[in-house]
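User: I would like to learn how to read a fold from its model. Please take me through it feature by feature.

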Amino acid sequence: MLGVFLFFLLCALVCLLLQLPQRQMVKVTSTLDMALPTLAPEKFSKDTTNSMAWWVKIVTETPDCTYFFGPFESSSEAKQNQSGYIEDLEQEGAVGIGVLILQDQPETLTIYNEQE
């Protein structure tokens, strides 16, 4: 009986240690007046050491691509620069543009999804 109790106690401790902080979402509006979810950086704990930089992630429907622009030191710096990237893609004929500001470490800056 004591073994079962210790097992459940250990499981509870592991669950508490693995529990991730709750991330709150804020809405950002692109130049296309679409509401886009973005993580609110001010809601993160100051104690958390996160070495990931901030990036502007832009996904387009046509062409079917994902672009990462950055790195930036803060989400506000990334937000200040996103409009220039959107304008460039619109001038190149991109359609269905979605934008997300996030902390990441992208391995590839441009991902082209080929249609089979």
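Analyst: We go from the overall fold to strands, rings, the second helix and a few local points. This is a predicted model, where local features need pLDDT of at least 70, side-chain atom pairs count only at pLDDT 80 or more, and totals for chains, interfaces and linings use all residues. Residues are numbered from 1 along each chain as its sequence is written, and side-chain values use heavy atoms, with hydrogens and water left out.

User: How many helices and strands are there in the protein chain, and what pattern do they follow?

Analyst: Start with the definition. Helices (H or I, at least four residues) and strands (E, at least two) are DSSP runs, numbered from the N terminus. Here the protein chain has two helices and six strands. Along the sequence the pattern reads α-β-β-β-β-α-β-β.

User: What share of the residues is buried?

Analyst: Buried means under 20% relative accessible area, exposed over 50%, and partly exposed in between (1.4 Å probe, protein chains only). Of the 116 residues in the protein chain, 25% are buried. The chain exposes about 8600 Å², and carbon and sulfur atoms supply 56% of that area. Such areas come from the Shrake-Rupley method with a 1.4 Å probe; for residues, only the protein chains shown count as cover.

User: What do the contacts add?

Analyst: A contact means heavy atoms within 4.5 Å. Take the contacts between residues at least 6 apart in sequence: 56% of them join residues at least 24 apart.

User: Now the strands. Which strands does S3 pair with?

Analyst: Two strands pair if DSSP finds at least two bridges between them. S3 (residues 53–62) runs antiparallel to S5 (residues 95–104), with nine bridges joining them. S3 also pairs with S4 (residues 65–72), again antiparallel, over six bridges. A hairpin of two residues joins S3 to S4.

User: Which residues stand opposite Thr-60?

Analyst: Thr-60 faces Ile-97 in S5 and Cys-65 in S4. Further along S4, Tyr-67 stands opposite Ile-58.

User: Where does S6 join in?

Analyst: S6 runs antiparallel to S4, and three bridges join them. In that pairing Cys-65 stands opposite Tyr-112 in S6.

User: Is Val-99 buried or exposed?

Analyst: Keep one general idea in mind. In a regular strand the side chains alternate between the two faces of the sheet. Val-99 lies in strand S5. Val-99 counts as buried because its relative accessibility is 6%. Its C-alpha atom is 9.7 Å from that of Ser-83, 16 residues apart along the chain.

User: How many aromatic pairs are found?

Analyst: An aromatic pair is described by the distance of the ring centres and the angle of the planes. Rings of Phe, Tyr and Trp (its six-membered ring) pair if their centres lie within 6.5 Å; planes under 30 degrees apart count as stacked, over 60 as edge-to-face and the rest as tilted. The whole structure holds two such pairs. Tyr-67 and Phe-69 are stacked, 6.2 Å centre to centre with 20° between the planes. Phe-69 and Tyr-85 are also stacked, at 4.1 Å and 10°. That second pair links distant parts of the chain, with Phe-69 in strand S4 and Tyr-85 in helix H2 (residues 75–91), 16 residues apart. Ring pairs thus link Tyr-67, Phe-69 and Tyr-85 into a cluster.

User: Why do Tyr-67 and Tyr-85 get their burial labels?

Analyst: Tyr-67 is buried because its relative accessible area is 13%. Tyr-85 counts as partly exposed because its relative accessibility is 22%.

User: What should I check in H2?

Analyst: Check span first. The expected span of a helix is 1.5 Å times one less than its number of residues. H2 has 17 residues and reaches 25 Å from first C-alpha to last, close to the expected 24 Å. Next, the bend: at a residue, this is the angle between axes fitted to the seven residues ending there and the seven starting there. H2 has a kink of about 35°, centred on Asn-81.

User: Which residues of H2 are buried?

Analyst: An α-helix has 3.6 residues a turn, so residues three or four places apart point the same way. In H2 the buried residues are Ser-75, Ala-78, Gln-82, Ile-86 and Leu-89. After H2 comes Gly-93, with a positive phi near 95°.

User: Which peptide bonds are cis?

Analyst: Thr-62 to Pro-63 is cis, with omega near -5°. Pro-63 sits in the loop between S3 and S4. Gly-70 to Pro-71 is cis too, with omega near 0°, and Pro-71 is in strand S4.
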